[in-house]
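Got your viewer open? Let's take a walk through this one, a selection at a time.

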Amino acid sequence: MREGPHSTEDINESVGGDLFDRYFTGEHTLTKVAPRTWFVMADYVGLTAFETDEGLLLVDTGTAESAETVHELIRKETDAPLHTVVFTHGHLDHAFGLKPWLDAGEKPRIIAHENLPRRFRTYMKTAPLNSHINSVQFGISEGISWPHEAGEFAWPDTVYQERLTLNLGGERFELFHAKGETDDATWVWAADRKIVCGGDLLAGILPNCGNPQKVQRYPEEWADALEAIASVGADLLLPGHGKVVQGAEVIRERCLNTAAALRAIVEQTLAGLNAGKIHEEILATIEIPPELAKNWYIDPLYDRPEFIARNVIRKYGGWWNGYSSELMAAPMPQRAAEIVKLAGGVEQLAARARELKDSDPALACHLAEWAALGAPESREAHECAIEVFEARAEDEIALMARGIFNHAVRRSEEALEALDEEQGS
Ligand SMILES: [Zn+2]
């Protein structure tokens, strides 16, 4: 066990680097953060155990993979029976670590927002889709196994709508519903200990609120939730990812600044929509005000401001992007083949893509993708796509965007392998 917290400056300091540096510790640690309160960092997921006179309250359980270790770490500290489990949301990294507790004979009450069981049912319908999305997002080529049998989920026995007060051993724990990354979020206010468990609402990066491959996220409601967290006056914020935040003033400032960044994106997007701008015009002008963007905990390491803007567009507008030919578009490979022809051949197109690689990487990616799609039998086209998308991925700080650029690299690598095989046979 680690003793903690240490000095406030140490605790609140940025670890810097990219998302992996900030989140992935590669180890499992348990820190006593307050009397009868332990924060577990299970590689990249944070969860909390509160001991009360009536038993243990767990806020989140981590991943299935980390579950045994998490269970052991907490059981070394306390043998209070597991009384209640609260899930901050139904994602794989937070709500899938209960098995070892149940296997040990514990019979906890399981509490979540009423939308959480619906999420589990959606997972059961979309396991292959989620497996594919996440392998692209995290750059893993083989499919990630996704739960899909009813027995793989820890179904809550108690759900609530807006707010729920728990009384455990004479102590009050307030559960608040929020929408942010998901529509089933809960944050927990342990008023007597002045501790907030924030789930993924405040995670030391620009909120993951625009994910290009996933369902609707909620920037305005996310800002509401952060402002609500800021208002309770917590001394310690225990997050679902990243480091704990200590000190009422720091917590308040981070919550309010992060909320303000989200609000700025929403306002700019709505202003653009109301001005009749088309999507790409809106996206090109989205900017988090510099006085907010300078804060390391708003760095767009996972998601990007313009991806969040796209979610605002999706919420308030339709999907048509403003270009009439795109309404019922010719298939992209067909368009690409035409462009290859007009360019005078794939060599010319690939050469121009390489020429633009450093000065205009976005444009270079279009050209490289047209080459690969328009001339799928051309080694030159795929080599160019690999080079251009690899360079783009390397310069990209948002994990979500990097994953998709690397996906293009892998597709062209696979195409080259297939061409090699064809030639060999
Ligand atoms: Zn998470």
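Before clicking anything, keep in mind that you're looking at a predicted model. Start at the hairpin of strand 9 and strand 10: there are 2 residues between the strands, and Gly-169 takes a positive phi near 55°.

**The hairpins and their sheet**

Now select both arms of that hairpin. Strand 9 covers 163-168 and strand 10 covers 171-178. The two run antiparallel and are joined by 6 bridges. For a sample pair, show Thr-165, which sits opposite Glu-174 in strand 10.

Next, add strand 11 (185-190). Together with strand 10 it makes another hairpin, with 6 residues between the strands. Here too the strands are antiparallel, with 6 bridges joining them. Pick Leu-175 and look across: its bridge partner is Val-188 in strand 11.

Is strand 10 enclosed or open to the outside? Of its 8 residues, 7 are buried, so the rest of the structure largely encloses it.

Zoom out to take in the whole sheet. You should have 6 strands in the order 9-10-11-12-13-14, forming an open sheet with mixed pairing. At the edges are strand 9 and strand 14 (245-246), each of which pairs on one side only. To inspect the strand 14 end, select strand 13, residues 236-239: it runs antiparallel to strand 14, and 2 bridges join them. Leu-237 is a good residue to click, as it faces Val-245 in strand 14.

**The helix across the sheet**

Turn on helix 7, residues 219-232. What does it lie across? The helix crosses strand 10, strand 11, strand 12 (195-199) and strand 13, and it runs at about 5° to strand 11.

While you're on helix 7, show the side chain of Asp-224. It makes a salt bridge with Arg-263, and the closest N and O atoms are 2.7 Å apart. This pair links distant parts of the chain: Asp-224 is in helix 7 and Arg-263 is in helix 8 (residues 248-274), 39 residues apart. Asp-224 is partly exposed at 41% relative accessible area, and Arg-263 is also partly exposed, at 26%.

**More salt bridges**

Side chains of opposite charge can pair when their charged atoms come close. Searching the whole structure turns up 27 salt bridges, so here are just a few to visit.

- Select Glu-355 and Arg-352: their side chains meet in a salt bridge, 2.5 Å from N to O. Both are in helix 13 (residues 346-356), and the 3 residues separating them amount to about one turn of the helix. Glu-355 is exposed, with 55% relative accessible area, whereas Arg-352 is partly exposed at 39%.
- Move on to Glu-387 and Lys-357, a salt bridge whose closest N and O atoms are 3.4 Å apart. Glu-387 belongs to helix 15 (residues 379-395) and Lys-357 to the loop between helix 13 and helix 14 (361-374), so this pair ties together parts 30 residues apart in sequence. Glu-387 is partly exposed, with a relative accessible area of 30%.
- Then show Arg-118, Arg-119, Asp-183 and Asp-184, which are linked in a network of salt bridges.

**Along helix 5**

Select helix 5, residues 115-125, and click on Lys-125. Is Lys-125 buried or exposed? It is exposed, at 69% relative accessible area. If you draw a distance from its C-alpha to that of Ser-145, 20 residues away along the chain, you should get 14 Å.

**Phe-24 and its contacts**

Jump to Phe-24, in the loop between helix 2 (19-23) and strand 2 (28-34). Which residues does it touch, beyond those within four places in sequence? Show Leu-19, Asp-43 and Tyr-44: Phe-24 is in contact with each of them. Its C-alpha is 5.5 Å from that of Asp-43, though the two are 19 residues apart along the chain. Phe-24 counts as partly exposed, with 30% relative accessibility.

**A nonpolar patch to finish**

For the last stop, switch to a surface view and colour Trp-319, Trp-320, Leu-327 and Met-328. They form a nonpolar patch on the surface, and together they have about 560 Å² of accessible area. Click Trp-320 to see where it sits: in the loop between helix 11 (305-316) and helix 12 (332-343). Its relative accessibility is 40%, so Trp-320 counts as partly exposed.

Notes. Residues numbered from 1 in each chain as written. Predicted model: local features only at pLDDT ≥ 70, side-chain atom pairs only at ≥ 80, totals over all residues. Heavy atoms only, no water. Patch = residues over 30% accessible without salt bridge, like charges linked within 9 Å, V, L, I, M, F, W, Y side chains within 5 Å. Areas by Shrake-Rupley, 256 points an atom, 1.4 Å probe, with all protein chains shown as cover. Salt bridge = Lys/Arg side-chain N within 4 Å of Asp/Glu carboxyl O. Helix = DSSP H or I, 4+ residues; strand = E, 2+ residues; numbered from the N terminus. Buried < 20%, exposed > 50% of the residue type's maximum accessible area, 1.4 Å probe, protein only. Pairing = 2+ DSSP bridges. Contact = heavy atoms within 4.5 Å. Axes fitted to C-alpha atoms, helices over the stretch in contact; angles between N-to-C directions.
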